[in-house]
Amino acid sequence: MIGNLIAGAWVQPERDTLPIYNPATGEIIEQVPLSTADDVDRAVQAASHAYAQWSRTPVMERAQLLFRFKALLEEHLEELSAIITRHHGKTLEEARGEVRRGIEVVDFACGAPTLLQGRTLRLVTSEADQDYYRYPVGVVAGIPPFNFPVMIPLWMFPLAVVAGNTFVLKPSERTPLGAVRLAELFHEAGFPDGVLNIVHGAKEAVDALLTHPQVQAVSFVGSAPVAQHVYREAARHGKRVQAAGGAKNYLVILPDADIERAIPAILNSAFGNAGERCLAGSVAVTVGAASHSVTEALKVATERLTVGPGDRPGVQVGPLIRDEHRQKVLGYIQQGLRERATLLVDGRGYTHRSGFFLGPTILDEVAPGTTVGLEEIFGPVLSLAHVDSLDEAIERANQATFGNMATIFTESGRAARAFREWVEAGMVGVNVGVAQPFGFYPFSGWKGSFYGDLHLHGTDGIEFYTRKKVVITRW
Ligand code: NAD
């Protein structure tokens, strides 16, 4: 059984456990404890205790420790990637990409001496000057989802701790092993005990964090219903909250698109990470004459994708996280067929393998207002729809209650600009399949994809993890 990290010591709470699987084989590889409110309280007390000293540690020292942590992450990139693949299932190449994107946020956070500066206005009024200073907020809780076991924790605690906060991380109970290794490296870098604590578990542990009086801020990434719950509960208990939720991302292809470049980008968007990505392209909408060429090219390219264990060379699509999730995705394919979509590519043949595999699937002729066109499927299922104009395509995308990402493939600057202006999504791609902002920009979901105002990472992250003190001085 893996342990909780409390004040620098790994402890094994005597609690019920859940199995952690290798999704490529279906084997159980570890057990994770389901921590209780008492365990959460121990972690929060440890973070509170460490805060007294850590919040007074000079920013240069905090940043130096983060530089060391960054160097250790680089050194252990292969090991971290293998851990991700082993218990999440994604391919090693995708896992390496995940670690790389996580390190990017650490790179950004290393700029703390610049990022944490306040502002000054001299002579605000007669003989008086005004300044603001940034202070940490206190103990912060981070609650990531299963699909990026290393990258999403790295969106959270490096920025929080470099700003002088202390942290309690509650990793996903399905993929907690990445966070465990991150915490070991964090301690190897020399951070004091209690600055980062880990408490494993599920709903009970999360709810204890949301209501704990000593937790000042909550950073959450996960599904829409849980994001809403976290946002409400944490706010009701007086905490600041950022809660990133689910997604339904539209990819629009105009007739003038460079198809040779668009098809691989669409495939990676829809089937990369087995579709378990909040930036996964979920509905491809062709406009006018693009319909025929895109449909044919997508079918051919999708049927060529290699499905298999993520650690096997050449594999492009790994397994899903659990069998029950695979059953849910299969249910969506059935629902699509009931809603009169047609099967352009049927990946259901892969379900006989050991492990939680499902092949890439394309549902064609997906009509507006249908379940598969609006709900998040979170698997290797791409819906395809065909419309006559860009306006219609934008209208289809805007019907979704989510607003995470939308992408257009076109060679027309005018069309790209119209799309950027009118599509209701916080992350927009132009000829880019996965429009993930770099770590120094905010991860900027809109509508039902985000609850709160300050997004994860970038300068939004700095704002979220600090509070300002404004001083007026007259001598
Ligand atoms: P999830 O909501 O099931 O779990 C997320 C976290 O919440 C986990 O740590 C889990 O332990 C906890 N949790 C689960 N149920 C809970 C409950 N009832 N009460 C309190 N806590 C609970 O999400 P998941 O399945 O792990 O991750 C996939 C989801 O995350 C997808 O919807 C995906 O779109 C979303 N996601 C969003 C982003 C984004 O930035 N918007 C990024 C990655 C993933």
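Reader: How far is an oxygen atom of the ligand from an N or O atom in the side chain of E376?
Author: This is a predicted model. A polar contact is a pair of N or O atoms within 3.5 Å. The side chain of E376 supplies one such atom, and its distance from a ligand oxygen is 2.6 Å.

Reader: What share of the ligand's accessible area does the protein cover?
Author: On its own, the ligand has 840 Å² of accessible area. The part of this covered by the protein is 88%.

Reader: Which pocket does the ligand take up, and which elements give two or more residues to the shell around it?
Author: The ligand fills the space of the largest pocket. Two or more residues of the shell come from each of these elements: α6 (151-162), α8 (203-211), β10 (215-221) and α9 (224-236).

Reader: Where does the ligand lie with respect to domain 1 and domain 2?
Author: Domain 1 (4-245 + 449-474) gives residues to the shell around the ligand, and domain 2 (249-430) does too. The ligand therefore lies between the two domains.

Reader: Which backbone comes within 3.2 Å of an oxygen atom of the ligand?
Author: Besides side chains such as that of E173, which has a polar atom 2.6 Å from a ligand oxygen, a backbone takes part. The N or O atom at 3.2 Å from a ligand oxygen belongs to the backbone of G222.

Reader: How many residues of the shell are charged?
Author: The shell has 16 nonpolar and 8 polar residues. The charged ones number 5.

Methods: Residues numbered from 1 in each chain as written. Predicted model: local features only at pLDDT ≥ 70, side-chain atom pairs only at ≥ 80, totals over all residues. Heavy atoms only, no water. Polar contact = N/O pair within 3.5 Å; in protein donor to acceptor, adjacent residues only side chain to side chain. Areas by Shrake-Rupley, 256 points an atom, 1.4 Å probe, with all protein chains shown as cover. 1 Å grid on protein atoms, 1.4 Å probe; cavity = no way out; pocket = protein on both sides within 12 Å on 5 of 7 lines; lining within 4 Å. Sits in = over half its atoms within 2 Å of the grid points. Helix = DSSP H or I, 4+ residues; strand = E, 2+ residues; numbered from the N terminus. Nonpolar A, V, L, I, M, F, W, Y, C, P; charged D, E, K, R; others polar. Domains from an automatic or database assignment.
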